[in-house]
Amino acid sequence: MNLISVRLARRPLWTLVLTLLLGLLSSSARAADYYLTVAGAGSKTGADWADAYDVSSLWTVVNSTMQPGDTLYLGGAETSGGADYGDTRLTISSGGTSTGQKSLIGVDLGYGYPKFIGPQTVRSYTTITLADTVGYWTIKNLYIEHRDMGLATSGSGHPGLVIDGVIAHDIKSRCFSFADCDGILVQNCRSERYSELGFMFANACDGVTVQNCVADCTGTGDVDDPAWRSYCSSPVGFNFHIKNSSAAPNTNILLEDCTTLNNDEDTADTGDYEQGDGFKMEASNDGVTFLRCMSYNNQDAAYDLKGSNQTLQD
């Protein structure tokens with residue numbers, strides 16, 4: 001019996017139980033759940049759906065109220081034709097930790113997940129921006145439409161991001177845009193009707209997992225939409241790094257069960273080279289695995305692979 005065992009054996013049983021209970025209480029106290037809808041409800045304390053915060057509290061709750069480990073549940077419309085979040089834009093400036101992920105999770109209250117739909121004729125702004133050095137966030141079950149960008153990181157240092165079940169539709173430039181995101185997981189997401197890029201991993205993303213995601217440039221599946229081509233500028237479904245950039249490479253990339261299609265442009269210049277790639281890996285990508293991925297109906301390459309240590313399987 002070692003010294004630690006002897007000391008434990010001499011302690012009364014009730015003190016051990018108390019210690020464990022205090023530990024559990026301390027752990028639970030570190031994580032809180034909050035609730036928010038467009039109009040809010042009751043006393044608007046965010047304690048539950050009956051007292052949900054309203055949308056005017058979104059920025060404060062995300063960046064000041066929430067602590068590492070906390071979750072904000074965001075309610076969709078509660079009635080047929082009910083309001084959603086419209087022009088609401090959110091910059092997240094406060095992150096979680098490696099042991100306390102923060103979460104923003106959309107909830108279907110009867111009429112779909114929360115929708116953020118920009119009203120501008122000329123699409124502009126980004127719906128959700130993760131500010132410089134903000135990481136350890138889970139963002140799940142949201143619908144974004146009619147924006148310049150759907151969800152994007154700004155600056156550098158965004159570890160531990162989980163993007164799950166987010167749909168970006170009718171996007172001017174990039175549906176999803178990430179840089180310096182180590183250990184990022186993107187799953188069950190869709191990019192639809194984008195002019196440029198569905199999913200972009202610009203640089204310095206080490207340990208990337210993309211699972212069960214779809215990038216459909218026209219958003220029409222197997223039915224072609226020639227009219228959309230004139231809106232496109234070198235569209236790519238999944239784009240990794242920027243051509244001729246000296247920024248740090250992306251490394252250890254897994255794309256699993258992903259599909260991209262309809263990346264096509266039709267410019268006004270006769271005789272020029274029409275672009276449109278499915279999966280595009282520039283030279284500064286190292287350690288890439290494609291597992292059960294599909295790419296079809298693209299103007300140029302299905303797989304444009306210039307990186308190092310690349311594997312395609314099934």
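## Strands S1 and S2

Tyr 34 has Leu 72 as its bridge partner in S2. That contact belongs to the pairing of strand S1 (residues 33-36) with strand S2 (residues 71-75), where four bridges hold the two together and the strands run parallel. Keep in mind as you look around that this is a predicted model.

What sits between the two strands in the β-α-β unit they make? Helix H3 (residues 58-65) does the job, and the unit of S1, H3 and S2 is right-handed.

## Strand S7 and its partners

Strand S7 covers residues 137-153, and 14 of its 17 residues are buried, so the rest of the structure largely encloses it. Several strands pair with S7, so let's take them one by one, each with a residue pair you can click on.

Strand S4 (residues 102-107) pairs with S7 in the parallel sense over four bridges, and here Ser 103 stands opposite Thr 138. Strand S5 (residues 115-117) is also parallel to S7, with three bridges; look for Lys 115 opposite Tyr 143. Then there is strand S6 (residues 126-130), again parallel to S7 and joined by four bridges, with Thr 126 facing Met 149 of S7 as its opposite number.

How many bridges join S7 to strand S8 (residues 162-178)? The count is 11, and these two strands run parallel as well. One spot to check is Ala 152, which stands opposite Ser 177 in S8.

## Aromatic pairs

Searching the whole structure turns up 13 aromatic pairs. One of them is Phe 176 with Phe 199, a stacked pair with 4.9 Å centre to centre and 5° between the planes. This pair links distant parts of the chain: Phe 176 belongs to strand S8 and Phe 199 to strand S11 (residues 197-201), 23 residues apart. Are these two rings buried or exposed? Both Phe 176 and Phe 199 are buried.

Phe 279 and Tyr 303 make another stacked pair, at 5.2 Å centre to centre with 20° between the planes. Phe 279 is in strand S17 (residues 277-281) and Tyr 303 in strand S20 (residues 303-305), so the pair ties together parts 24 residues apart in sequence. Phe 279 has a relative accessible area of 1%, so it counts as buried, while Tyr 303 is partly exposed because its value is 27%, which falls between the 20% and 50% cut-offs.

Put these residues together and you get one aromatic cluster: Phe 176, Phe 199, Phe 238, Phe 279, Phe 290 and Tyr 303.

## A charge over a ring

Which residue lies over the face of Tyr 125? That would be Arg 89, at 3.7 Å from the ring centre.

## Backbone oddities

Most residues other than glycine have a negative phi. Asp 170 has a positive one, near 60°. Asp 170 lies in strand S8, and with a relative accessible area of 16% it is buried, because that value is under the 20% cut-off.

Ser 234 also has a positive phi, near 45°. Where is Ser 234 found? Its place is the loop between strand S13 (214-216) and strand S14 (236-240). With a relative accessible area of 35%, Ser 234 is partly exposed.

Definitions and conventions. Residues are numbered from 1 along each chain as its sequence is written. This is a predicted model: local features need pLDDT of at least 70, side-chain atom pairs count only at pLDDT 80 or more; totals for chains, interfaces and linings use all residues. Side-chain values use heavy atoms; hydrogens and water are left out. Two strands pair if DSSP finds at least two bridges between them. A crossover is right-handed if, with the strands pointing away from the viewer, the path from the first strand over the helix to the second runs clockwise. Buried means under 20% relative accessible area, exposed over 50%, partly exposed in between (1.4 Å probe, protein chains only). Rings of Phe, Tyr and Trp (its six-membered ring) pair if their centres lie within 6.5 Å; planes under 30 degrees apart count as stacked, over 60 as edge-to-face and the rest as tilted. A charge sits over a ring if NZ of Lys or CZ of Arg is within 6 Å of the ring centre and within 35 degrees of the ring normal.
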